[in-house]
Structure formats: structure tokens, C-alpha cells
Amino acid sequence: MELFDLPLIWAFIIGFGIIMYVLMDGFDLGVGILFPFAPNEEARDTMMNSVAPVWDGNETWLVLGGAGLLAAFPMVYSIFLPALYIGVFLLLAGLIFRGVAFEFRFKARTSRYLWNWAFAGGSTVASFAQGAVVGAYIQGFETANGVYVGGALDWLTPFTVLTGLGMLAGYALLGSTWLIMKTEGYLQQWAYKITLPLLLAVLVVFGIIGVWTPFVDEMVRERWFSNLSIIWILPVLTLLCAIQIYRSVRDRKDGMPFVATMGLFITTYLGLVVSRWPYVVPPEYTLWEAASAYESQLFLLLGLLFVIPIVLVYTAWTYWVFRGKVRAGEGYH
Amino acid sequence: MELDPLILSRIQFAFVVSFHAIFPVFTIGLASYIAVLEGLAFKTENPLWVKLSAFWTKVFAVVFGMGVVSGIVMSFQFGTNWSNFAQASANFLGPILSYEVVTAFFLEAAFLGVLLFGRDKVPAGVHLFAAIMVATGTFISSFWILSANSWMQTPAGTELRDGVFYVTSWSEAIFNPSFPYRFAHMALASFLTGGFVVAGVSAWYLLLGREVEANKKALSMCLWLLLFIAPAQAVLGDFHGLNTLEHQPTKVAAMEGNWETSRNVPLLLFAIPDQENQRNLYEVGIPSLASFILTHEWDGEVPGVSAVPVDEQPPVAIVFWSFRVMVGIGLLMIAFAVTGLVLRAGGRYWRTSWFLQGMRFMSIAPFFAVLTGWFVTEVGRAPWLVYGQMTQAEALTPSLTGGMALFTLIGYIVVYALVFSAGVYYLMRVLYVGLEDRDEDEHEAERPKRPFSAAHVPFEIDEDEHHGKPASQGGH
């Protein structure tokens, strides 16, 4: 009856959207996390300038993610958000504070330090909350008849705190390697200096998460350990990316650390996806059960095929306009 | 005391959506105004248009920024507090809201940067194009969101099966019965808001004798616009009301404060609705006028609130009084627009100080009209969320407790109070600096490409700063 397996197509689209968001907003959130540790105020100006032209476009993908989930997998939308109620509020409050910090910091003088903290604090809280969401997804949700029935703070466990910290470290690494690519001089040297300790932190936290995850849920354990499958290539690739980051930082290559960090994120993300596939609301519901009506998925898909390419052209154009190194006190040309 | 998550969620939604709504309603109108100014600048090469456009673009940047931040919250409210509604209506609302993001939000984000920072970096034609695209984006955005809202008021093209809405006709659902009226009413409201704000600020500058030539032009343009759209809005509002009478008679009954379905119903100027006893206290009205307005016959029949059971009635007093405030402000707008025409005959509109003072105060009036108008339509739908098909109580998130709802309600109030008082303060600074001196443009490159940053005004007022002289660079 149905020509295509639309839920599957939509799972790829949403999955793609999520990793796009994580990579793109990840580096500008990471710059915010690193903000308080910057060498000086001038460096902070440059750091902020390096992400200012693109951060709001990046966050529009989050809004699209929310609306897209509602359209394609309403059950995910209507279980995750109630289950993560307090966490979602913290995420939004964080994003609001860091968003207006971009706007107000450059106008402020005596109150500038307040906007520094709003930017750093907002970025940190939002990043931690996103990591906790990932952890909560691995943990699974208490549901009955497609509705969340757990408590307000069920999501907050030692495991999700760890995934929250993992996301903080990961975004900070994306931020520092972004700065290596986009800045020069003493700021770039500082970014080089902090990248290896950050890499170490990421590997330690990701490593603990990786060892812990199979024990959180039996299904994940079986998927990884029942027989030695092809998916073990993913952690191997993650490790190769980490080695590549180390080598490119050692050899002072400007662009490679950022690219390799993106690779590290992508392989980790894929590892996460295969752990739970095809469950989108673990442990109960698969992507086919969580899907919206066929006509609705089709109606939106047809439009997106036309519109998204145009959107990608705008986005690429914006990055092109602001290409190259950001220099202190110079900004954009 | 038991905390009721339903009432707390309703308060929360009313709070965050009211706060959000005032920003886009202004930017939609202002974006079109800027596009017109850019068009005039492009065509005539008169520097006055560039000056006006540059100034209003700064104001636009600040207000648009606040609209964006408060808008992100809105896209998650359905899921956090109204998850049953989200689950039930996703087949229609999901695609509609997604289309809003991809056809409007990205368009605005991309071209806003060019509009704000590209004047000297792209050809004049491209800059004008960017202004038009931003204005277009704001309209596309309101098209989708008003379609979604209108569907909740007058659902069509869908059928409810096992608690989930399925779309049977996309065109009937998108262009549902109340959508054309609501969209047109809101579009004019945006023009009125933009028009009165620009007129009011220009009037204030004229009172201070600042940049008289440019502000006179701006005031004149706005008065012409308002002269046509203020009365047009009244006519359109009447059509919208008749549409509501057809599809949501109880809402109209509440607007009129009419309890029993009857003929020769008076238009009430004053009354205190007493919901408990299903009657009004202290009525003052004009005989038969409500019948005439609604049916165009003096003895026409007007529906009554009591025709539906008490538990299906909206809170009449809120609807009744919100409607009166909205209409009152609307009449005041018409009066000011006509007064402007009368004063124009003698060429006095730009130097009659009582008129300018009046226009100055009218600049905030449209916001109250818009909010009360939305109170009428949203509260008047209660207790329904999707009219006649799903109640607010059914829509609530099942796992939500009163404590959780209270926590985030207080949280949003605190966050918004902090962020938006800073924003409004900053907006005042932009207005204070005004149109004069575009010296700082040469430093534009140092500014990040961000809405607020287009307005080169430091956050604090300088001790040594004087009228019209912009403060020096913040922090560089």
C-alpha cells in the first residue's frame, strides 16, 4: 500500500539534522564554555566574533529539529519533552542567556563582565542539558500507552550527569579546534595548548560512558557483545580520529584538528545510534511505532525536497562571506 | 494547597506567548516599512531615505532579536506542557510548523545579515532585495502560524480517530474557515503597530526639534498609511466577527456579554458579567445595536452564552472587557488618523504639539490592542483547545505536576524579566541616540553580524554624553 518506508527516510533526515545541529551549534557552544578561561578580554572579543555570524543560523536547526520531530515522530516529541521537563527549561534558559549575551556584550562597558558570565554560563548549562538528553535516551523512558508516566527528575541519574559532562568536554574540544582554525597569534597558541588536555578529558569521559552504556540496558549489551559484529569498527574509528587530533595538533595543522574532532563526534554518534536502533523511545517504541501518519510525513517530505537545498545554499553563502581568519579588533570584512 | 497544573500551564502559555507576540507583530509591520524606505532610497537616491532606513533598521534589529529568543521557547511549549495535544495534532501542526521554519525562519536569518551589515558590501539592488526578503519572510511566517492557530479555532480538513487528528484535505485544513479573516486582521494589525510606533517616535523627535526634515517625512508617510488601514481594520474586524458568529457563536456571545439567545440585543458599553448567576450587573447599552452589527437587522437574533452548559463556557468577563479595550483603541486610532488629515490641510500636522504628544502616546497603544485582541480569541475559545473537539484539560501533559509547572512558570518570569528589561532599556538607548550622526559606520567591521550589534550604541549611558551625540565605541 505504501510506496516508500517513509518513517525510515524520516529517521535518516532527523538523524542527519541532529548531527548537523550538534556539529554546528557544538563549536559555538564550545567557544562559550571556554570563554572564562580565555587569556584576556581582547581574546574574548575575537572568540565571540568568530562565531557571531553563524550561531543563530545554527540554532535555527534546533528549532527545525523540534518542529521536525513533532511532524515525523510526534511520540518522541510528546514523550521526551515531558520526561525532560526541567532539563528542557534549563536548556532554553541557557540558550536565551547566551543568545542575548552576543547582543549586549558589545554594548556593555561596566556591566560587560555580566554578559561574559551570561554567555559562558548559558553555553555551559545548555551543553550539559543536551548531554543529559543523550544519556536519558540511552537510559530509556517509563511509558504506558505511548505516554510518559515517570517522575520529573527520573532523567537525572549518575549516568546522565556523566553524559552531560561528556557533552561539555566534547563541545569544548570542538570549540578549541574551531579557534585553532579561525584565529591566529597568541589566541591560536592558547587554543593549541588546551586542545590536548581537552582531548584527554573527552577520551576519559567517553571511555567511561562507553564501558558503562552496555550495563545500563541489556539490549545494548547484547547488541555489542552477543557476537563480534561490524559495529566495532565505530569505536576503532573514534580512536583513529583521536590519534589524528593529537598528531595534527602536534604538527600545528590549522584545519585538521577541527575536522578530526567532527569525525570523532560522528563516529561516537553512530555508535550511539546502532546501540539503540531502531528504538526511538527506548525501551518500548521503534521508529515505526512513533511515526506520524503517512500522508503527513509525505506532505512535509515533498516540500522539504524543494526548500532545504535552497536553505543550504543560504547557509553556505553565509559561511563563505565570513570565511578566513578572524583577527583581534578587526572582525569581519 | 493543591497546585493545579492545568491553570498553571495556561498561565505559563499565556505569559510566554503574550511576551513573544508583541515582538513579531511590530517587526512584521516595520520590515515592510524598511523595505519601502529602501525602495525609495534606491529609486530617488535621496540620502534622507537612507538615513531613515538605517535608523529603523537598528530598532528592527533589537526587537527582532528579542522575538527570536522568546520564539525558541514557544517551539517547545507544546511538548513540555501540552503533550497530549502535541501527540493528537502532530499530523497537521507538525508539518505546518516545520514549513514555517524552513520557508520563513531561514529566509529571515539569511537576509537579515545582509540588510543589517551589507549596505556598503553588496550592490544597492541586492541590499534592497534583502530588505524585501526579510519583509517577505515575516509574512510567510505569520501565514503558517496563523493557519495553525485558525485551525485550532475552526478545525477543518481533518478527522479525529482514536484521539488523533488525521488530515483528510490539506487545502481545507490550511485554508480553514477563519484563516483568511484572521490572517488579514493580523496583517493590518502589524501595519498599524509599525505605523503608530514610527509615527509616535517621529512625533517625539519633532517635538524635540531633531532631524525635522526626515521625521516630518516619516510622520507624513505613516499618517497616510494609517488613514487607510485604521478604518479598513474596523471593517475587516467586522467581517472577522461575523465569521466567528458563524463558527464560534459562544465566543461572540461572550464578546457581547449576552447570556440568553435573544433578539433586539443591545450593544453594551459597560457591564460587569456575573458568570455564577449567568447575568450582567450594571449594564449600560445602546438598544438593538449588537443585533444590528452582528446580523445587520435591528431585531436579529444574537446567541447567548447560557446556550451551552456552564462547563463549556469561556470566562465571559475577560473576553467581554478585552474586546472593549481592543475596539476602544481601534476607534482611537481612527480618530488620530483622521485628525492627522485635518491638520494636514493647514500643513500643521508636524508642528501641532498636542497632536504630536498624542501620537507619541499612541505609539504603545497598538500593542495593547493586539494583546487584548488575542485574549478575546484565545480565552473566548475556552474550554476548548481545538474548538469543539479537544479541551484544554484533555490536552495537558499527563505526567505534569503542579510543582513542575510552577517551577518553570517562575523560571520563565524571572528569565524574561531580566533579559527583556535589559532589551527594552537598550531599545530606549537606540531611540535616545536617534537618527543623527552615522559616524560609527566606519567601525562597522568591528561588530559581529548580529541583530543587536547593528545598533551601535553602548549599553550604559555615558556620563559625558550629550544629546544626539552617540557614545564612543564600547570596549574596543
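In this predicted model, a convenient place to start is a single pair of residues in chain B: B:F270 has B:V284, in β5(B), as its bridge partner. This pairing belongs to a larger arrangement, in which strand β4 (residues 267–274) of chain B runs antiparallel to strand β5 (residues 279–286) of chain B, with six bridges between the two. The connection is a hairpin, with four residues separating β4(B) from β5(B). Within that turn, B:Q278 adopts a positive phi of about 55°.

Stepping back to chain B as a whole, its secondary structure consists of 14 helices and eight strands. The radius of gyration of chain B is 24 Å, close to the 23 Å expected from the globule rule for 476 residues, so chain B is as compact as a globular protein of that length. Along the principal axes, the C-alpha atoms of chain B occupy a box of roughly 65 × 55 × 45 Å. Of the 476 residues in chain B, 53% are buried. Contacts across the sequence fit into this picture as well: among those in chain B that link residues at least 6 apart in sequence, 74% connect residues at least 24 apart.

Attention now turns to where the two chains meet. Chain A brings 64 residues to the contact, and chain B brings 61 residues. On the side of chain A that touches chain B, at least two residues each come from α2 (41–51), α3 (55–72), α4 (74–83), α5 (85–105), β2 (147–148) and α13 (294–321) of chain A. The most is given by α5(A), which supplies 13 residues to this side. By residue type, the side of chain A that touches chain B comprises 40 nonpolar, 17 polar and seven charged residues.

One of the contributing elements, α4 (74–83) of chain A, deserves a look of its own. In α4(A), 10 of the 10 residues are buried, so this helix is largely enclosed by the rest of the structure. The buried residues begin with A:P74, A:M75, A:V76, A:Y77 and A:S78, and the list continues with A:I79, A:F80, A:L81, A:P82 and A:A83. Thus α4(A) is a largely enclosed helix that also supplies at least two residues to the side of chain A touching chain B.

Key
Residues are numbered from 1 along each chain as its sequence is written. Chains are lettered from A and ligands numbered from 1 in the order in which they are written. This is a predicted model: local features need pLDDT of at least 70, side-chain atom pairs count only at pLDDT 80 or more; totals for chains, interfaces and linings use all residues. Two residues are in contact if their C-beta atoms, placed from the backbone, lie within 7 Å. Ala, Val, Leu, Ile, Met, Phe, Trp, Tyr, Cys and Pro count as nonpolar, Asp, Glu, Lys and Arg as charged, and the others, Gly among them, as polar. Two strands pair if DSSP finds at least two bridges between them. A residue is buried if 20 or more other C-beta atoms lie within 10 Å of its own, exposed if 12 or fewer, and partly exposed in between; C-beta atoms are placed from the backbone. The radius of gyration is taken over C-alpha atoms; the globule rule is 2.2 Å times the number of residues to the power 0.38.
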